[in-house]
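Visitor: Please give me a close look at a single part of this model, one residue and its helix, and then follow the connections outward from there. I work with coordinates all day, so angles, distances and neighbour counts are welcome.

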Amino acid sequence: MAHLVQQLQHRWQTLPIRGRGMLILAIPVTCLFTALLAFAWLKASSVEDETWVQHTQNVRLETKRLLNALLDAETGVRGYGLTQREAFLTPYHQSRSVIPEAIDRLEQLVRDSPQQSDRLQTIQSLVDENLAILQQKITLQRELKRIRGGTDTLVPVAALYDWLEEGKVVMDEARFAIDRFAQTEEELFTARRAHLDFYRQVTWIVLCVLGVIGTLGAIFAVHLFYQLEQELANREHRLRATNQQLETACDQLQRFTANASHELRAPLAAVLSNAQVGLMDLDDLSDEGEEAPKLLRKKLEKIVTLTKQMSALVGELLFLARHEGLLAAEALKPVDLRELLSNLWIDWLPQAKAHQLQLTSHLTDVSATVNADINLLRQAIANLLSNACRYTPAGGSIELRLLTDRQQALIQVQDTGIGIPPEALPHVFERFYRVDAKRSKASGGFGLGLAIAQQIVQAHGGEMHVSSVVSQGTLFQIALPLGSVVQETAVTAK
Ligand code: ADP
């Protein structure tokens, strides 16, 4: 079950936003339509049932009317028989018109039921027979009255009994047939009523269930909608961040291109002017005597220096372009940082001495191995040592340190140099940035050394930090993820 839910969630996440939006809308709409359809179907069914119930009710009423009319007719004739008064025949006369009407109506009503139609036929013939007997009785009574001539002649008791018995059998048969007919209708009525009640109950239950499903569907849809909204907000946030990054990258690229062009234009102009002057000097070579070759040599040396500078600059630019992003895993090898740093310390001692600086190193006792490209890492640390030498006045000192904590190795280069002003600190890792262009130019930098060092460190998954106080000194720190576990941290001074 949990697996299924996970699969569904995964499917949901992979659906395009538009598809998800459509589904969210589809849930309540489907619930609503299903509810309406189910309600309409149940309503139609119950309306049909109600019609049938009403129909049966009508049959029952009509049957009652028929039976009453028949009884009235008989009672009226009996009363006439006993009293010989015409007034008693009124119900009989009324019944003679009611009975055919009732039978006609019943015929219409039970047309769809062959069994009831057959019974009605039987009832009709029995009723006709009954009415014929009653009519016969009336005729006989009238005849008798005419013969005797008296209006108040009472019927003799024996004749009365005979007379009462007459037609009883037919009357009973008719009643029995009507009862049976009515009984069937009663049963139909009960069944149809039960069916109607059942449908009403089902309608309610279905409506309640659909109501619950609809509500749950709506809640679910709201939940999905909320999720979608969150995701859209996240996406928008990410897009904005990416946009910001792209804008920053574009800005940097623009500055980089502008700076690169500027940096190349200046030495190129110098190379050109030196070459042109050198050519002129060549023309004057014969006239100037001893001085000419010396001047020419100077110009050519200048060209060589400028070309070397340009070549270094192009090399650095190429380096920056080539080592963008993280390094491939196969390019990384375990590097013992203590060994690397102690070799660098030895290599840089003469340089420090030339600048009249004291270079010391403090390296941790425990092994500190990182996965790195050793040449690139050496280059990054060398750039820091070079800056420390260039921006520390004679008599100052430089410290090269290696520390470790549980997860990373920390390489620090600290000097007692001129320092960096706080407002310049956020920019020192930017390409071509120089705190003081004139001063850096004098010391031979293009403002790319720190950018290169930072790019190398980031390519190894590490970070670079700087802290500085003007006129007191600067600390650069490289943090690299350790390649193996370090047991203990200790620092020894050399
Ligand atoms: P550059 O080749 O000009 O030295 P970097 O990228 O190496 O370029 O350094 C950028 C700027 O940061 C330098 O111009 C310099 O002003 C400043 N800087 C770098 N290292 C130091 C340091 N150790 N002490 C003082 N300023 C420094």
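Guide: Happy to. Let's begin with L71, which is found in helix α2; please keep in mind throughout that this is a predicted model. L71 counts as partly exposed because 14 other C-beta atoms lie within 10 Å, and that count falls between the limit of 12 or fewer for exposed and 20 or more for buried. Follow the chain from L71 to Y92 and you travel 21 residues, yet the two C-alpha atoms are separated by 9.0 Å.

The helices themselves give that pair a setting. Helix α2 spans residues 17–83 and helix α3 spans residues 90–109. They pack at an angle of about 155°, and their axes are 8 Å apart. Since angles over 145 degrees count as roughly antiparallel, α2 and α3 are therefore roughly antiparallel to each other. The crossing in which α2 passes α3 is left-handed. In composition, the residues of this contact comprise 14 nonpolar, 8 polar and 5 charged.

Now for a second helix pair, further along the chain. Helix α9 (residues 337–354) packs with helix α10 (residues 374–390) at an angle of about 35°, with 11 Å between the axes. Here the crossing is right-handed. On the α9 side, the contact is made by L340, L344, W348, Q351 and A352. They meet I374, L377, R378, I381, A382, L385 and C389 of α10. The residues of this contact divide into 10 nonpolar, 1 polar and 1 charged.

Before leaving α9, take a look at S342, which lies in that helix. S342 counts as partly exposed because it has 16 C-beta neighbours inside 10 Å. Leaving aside residues up to four places away in sequence, S342 touches S361 and L363. There is also a longer reach along the chain: S342 and L400 are 58 residues apart, while their C-alpha atoms are separated by 9.0 Å.

The loop between α9 and β2 (358–364) is the place of Q356. For a backbone enthusiast, Q356 has a positive phi of about 55° although it is not a glycine. With 11 C-beta neighbours inside 10 Å, Q356 counts as exposed.

Back to α10, which has another packing partner. Helices α10 and α12 pack at an angle of about 145°, with their axes 9 Å apart. In this pair α10 passes α12 in a left-handed crossing. The α10 residues involved are L376, L377, Q379, A380, N383, L384, S386 and N387. Facing them in α12 are G449, L450, I452, A453, I456 and V457. This contact has 9 nonpolar and 5 polar residues, and no charged ones.

L377 appears in the contact of α10 with α9 and again in the contact of α10 with α12. N387 and G449, both in the α10 and α12 contact, lead us on to the ligand.

Among the 22 residues around the ligand, N387, Y391, V435, G445 and G449 come nearest. At least two residues of this shell are supplied by α10, and at least two by α12 (449–459). It is α12 that gives the most, with 3 residues. By type, the shell divides into 11 nonpolar, 8 polar and 3 charged residues.

Two more serines round out the tour. S471 sits in the loop between β6 (463–469) and β7 (473–481), and its phi is near 70°, a positive value in a residue other than glycine. S471 counts as exposed because it has 9 C-beta neighbours inside 10 Å. S311 lies in helix α8 (residues 291–322), and it is exposed, with 11 other C-beta atoms within 10 Å. S311 and L264 are 47 residues apart along the chain, with 9.8 Å between their C-alpha atoms.

Finally, the whole chain. Its secondary structure comes to 12 helices and 8 strands. Of the 494 residues, 22% count as buried. Among contacts with a separation of 6 or more, 77% are between residues 24 or more positions apart.

Terms used:
Residues numbered from 1 in each chain as written. Predicted model: local features only at pLDDT ≥ 70, side-chain atom pairs only at ≥ 80, totals over all residues. Axes fitted to C-alpha atoms, helices over the stretch in contact; angles between N-to-C directions. Helix = DSSP H or I, 4+ residues; strand = E, 2+ residues; numbered from the N terminus. Parallel < 35°, antiparallel > 145°, perpendicular 65-115°, else oblique. Left-handed = near helix turned anticlockwise from the far one by under 90°. Nonpolar A, V, L, I, M, F, W, Y, C, P; charged D, E, K, R; others polar. Contact = placed C-beta atoms within 7 Å. Near = placed C-beta within 6 Å.
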